[in-house]
Amino acid sequence: MWLYTIAFPIAVLILVGSVLAGGAYTIVAVPVVLLALASGVAWRMIGRATAARAGGGPVGAGEDAGHGRVTPGELADARRAQQ
């Protein structure tokens, strides 16, 4: 996930810089950046679809796991019951 925060700004800078520079930079860099961005989006969509099909999801996503707030007294009672 952290890779997107690095790669996306670099891709945008390359795209803007190549358009402003013109010439061979535009011919080479624009398709490469667009291809990289499209493949990144597709990869993420495939990953989310696979996780959804498997019944999972990204870590921290969705609702709580069904656990409510537990007081320290309730924790102590549960530990005593297990002993």
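**Exercise 1.** Which residues of H2 are buried?

*Solution.* First, some ground rules: this is a predicted model, where local features need pLDDT of at least 70, side-chain atom pairs count only at pLDDT 80 or more, and totals for chains, interfaces and linings use all residues. Residues are numbered from 1 along each chain as its sequence is written, and side-chain values use heavy atoms, with hydrogens and water left out.

Next, the cut-off: buried means under 20% relative accessible area with a 1.4 Å probe, protein chains only. In H2, that gives Ala29, Val30 and Val33.

**Exercise 2.** Work out where Ser18 sits and what surrounds it.

*Solution.* Step one: find Ser18 in helix H1, residues 2-21 (helices are DSSP runs of H or I, at least four residues, numbered from the N terminus).

Step two: check its exposure. Ser18 counts as buried because its relative accessibility is 4%.

Step three: look for contacts (heavy atoms within 4.5 Å). Leaving out residues up to four places away in sequence, Ser18 touches Tyr25, Thr26, Ala29 and Val30. Ala29 and Val30 are among the buried residues of H2.

Step four: look at the side chain. A polar atom there lies 3.0 Å from the backbone oxygen of Leu15.

**Exercise 3.** Now zoom out to the whole chain.

*Solution.* Start by counting: the protein chain has 3 helices and 0 strands, so along the sequence you read α-α-α. Then check burial: 6% of the 83 residues count as buried. Finish just after H2, where Gly55 takes a positive phi of about 90°.

Methods. Helix = DSSP H or I, 4+ residues; strand = E, 2+ residues; numbered from the N terminus. Buried < 20%, exposed > 50% of the residue type's maximum accessible area, 1.4 Å probe, protein only. Polar contact = N/O pair within 3.5 Å; in protein donor to acceptor, adjacent residues only side chain to side chain.
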